[in-house]
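Here is a short, friendly tour of a two-chain model. Please keep the viewer open while you read.

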Amino acid sequence: MTSEEIYTKLEPIIKTYLPEDVSAKEISRKSDLTRELNINSAHLVDIILDIEDVFNIEFKNEDMEQLRNVDDAILLIKQKTLAI
Amino acid sequence: MKKRVVITGLGVVSPNGVGISAFSEAIKKGVSGIEFLAELRDLKFSCQLGAAPKISEEKKREYLSDLQLRNFNSSGILYGVIAGMDALKDAKIEPAKPEEAPLWDLGIIFGTGISGVDKFREAIHKIDDKNVRRLGSTSVAQTMTSGVSAYLGGLIGAGNMVTANSSACATGTEALLMGYEHIAAGKAKYMLCGSSSDSGPYIWGGFDAMKVTTYKYNDTPNKVAGPMSEDASGFVPGSGAGAYLLESLESAQQRGATIYAEILGGAINNGGQRDGGSMTAPNSAAVQKCISEALKNANVSAAEIDYINGHLTATIKDPDEIENWSIALNRKGNQFPFINSLKGMVGHCLAASGSIEIVSAILQLHEGFIFPNVNCENLHPKIASLISSEKISMKTQKTSLQTIAKASFGFGDVNACAIFKKI
């Protein structure tokens, strides 16, 4: 899967957890999920669970520590999907 | 000096009506929210009747965002949020804007018996499947006892004490009295108080097992013998939420708020599970003492009470409750005040019973009517020997009320009694 293909599937997942005053237009590959997009840090675990469902992969605790922005997520997804 | 405390907002999510106007209409007409539930039959419950509020998907979305409703499965929190936000709106108080400071003068006491049992069940299944990592981020918020107050606290931006009390079926009346004390002591200007209870088999099952619910009317849900009836054979389990915005009298007058009633005072005590009291049955001496002390605290004489909103559950304990009121007030026969019980219409809403019933009592005081006792035509002979049957109206009566009493009793031998006056 290319980064673009992954991003297309990832964007709607992230959109779900945006606060009401943040527009989906603000999501970019470099967006920091909690600091820039203002996503409640408690929701990072929900984003991980949604990614697992959509991409049929499973994250480890260590993987979650690396997740800061959208590109981190894409990289993690690439590693996990290749591993399969 | 103690501050005077009034009620300036009401909200209710009741099995027979959601929202104050629908509920007010329903109680005047004696509309029942009790119905047969196939789910309970399939689960082999003895009592296959229940009373649960009806909330549409659109209604949910008026109160909670799509994100909040994602994986949301806690009926009690939903009911509490709707009732609480309605009470705030009714009092014409605006939540703090997202960029503003919290409302430091507004606190919340919203109690429950147990919260989010359906969500908790989901979590238990996942944990037993060795899948704890899949619980998601809201499992705690949806199952904690303070769930309702925490959701409301965020929606409103409450900055004073935000907490949850729990005293079984006395929870709603206790929440009111705790909020009253907090304002009377000058610690807050507004207190949003109330209680809620989940719907469904996992909350009702324990009562079914105890045989305190009725198994006799599964085919005739509109004929369930009501409280004070000789045929009463147990309650129908219910659910929902009631809420009241309490405010200092001076604040309410300053902003020209509608005042439903003044809370004159009240009392909370415990029978110690002694002298006839137990985990599940009340110590009559404690009940009488609670009522007497509520009057004393409110500085009201027993003769001034025009109306009683009873706890009266449609169990064998109803005649004892009437006797306790009669002794505590030293009034009997046709000298006894009017009395009714909402449970004939909405079943026993457990932790939510006190708050939904307080809302019904305040509406009667404010509008000047008494709602009917439903399915109570065959009055219990012991009750008939204590008080005049004309005090237990079977139909709606218009009458001016000035001073009223509400009591709730619960497991653990807890008692709570509040006194209200029209102003």
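In the UniProt record, an unreviewed entry, residues 2-422 of chain B carry the annotation "domain: Ketosynthase family 3 (KS3)". The end C-alpha atoms of that span lie 19 Å apart, and the span is 36% helix and 19% strand. A second unreviewed entry places "domain: Carrier" at residues 4-81 of chain A. UniProt positions follow the numbering used here, feature names are shortened, and annotations may be inferred rather than shown by experiment.

| UniProt feature | Residues | End C-alpha distance | Helix | Strand |
|---|---|---|---|---|
| Ketosynthase family 3 (KS3) | 2-422 of chain B | 19 Å | 36% | 19% |
| Carrier | 4-81 of chain A | 15 Å | 54% | 0% |

This is a predicted model, in which local features need pLDDT of at least 70 and side-chain atom pairs count only at pLDDT 80 or more, while totals for chains, interfaces and linings use all residues. Residues are numbered from 1 along each chain as its sequence is written, and chains are lettered from A in the order in which they are written. Helices (H or I, at least four residues) and strands (E, at least two) are DSSP runs, numbered from the N terminus.

Let's look at a strand of chain B. In β5(B), residues 106-112, seven of seven residues are buried (20 or more other C-beta atoms within 10 Å of their own, with C-beta atoms placed from the backbone). Leu106(B), Ile108(B), Phe110(B) and Thr112(B) point one way, while Gly107(B), Ile109(B) and Gly111(B) point the other way.

Strands pair if DSSP finds at least two bridges between them. β5(B) runs parallel to β7(B), residues 190-197, with seven bridges joining them; there, Gly111(B) has Ser195(B) as its bridge partner. β5(B) also pairs in the parallel sense with β6(B), residues 162-163, over two bridges, and Ile109(B) stands opposite Thr163(B).

Now to the helices. α9(B), residues 171-184, and α15(B), residues 353-367, pack at about 70° with their axes 5 Å apart. The two are therefore roughly perpendicular, a label for angles of 65 to 115 degrees. Among the residues making this contact are Leu176(B) of α9(B) and Ile358(B) of α15(B).

Finally, how many residues of chain A are in contact with chain B? Nine residues of chain A meet seven of chain B, where contact means C-beta atoms, placed from the backbone, within 7 Å. Helix α2(A), residues 44-55, gives the largest share of chain A's side, three residues.

Definitions and conventions: A residue is buried if 20 or more other C-beta atoms lie within 10 Å of its own, exposed if 12 or fewer, and partly exposed in between; C-beta atoms are placed from the backbone. Two residues are in contact if their C-beta atoms, placed from the backbone, lie within 7 Å. Axes are lines fitted to C-alpha atoms, for helices over the stretch in contact, and angles run from 0 to 180 degrees between N-to-C directions. Angles under 35 degrees count as roughly parallel, over 145 as roughly antiparallel, 65 to 115 as roughly perpendicular and the rest as oblique.
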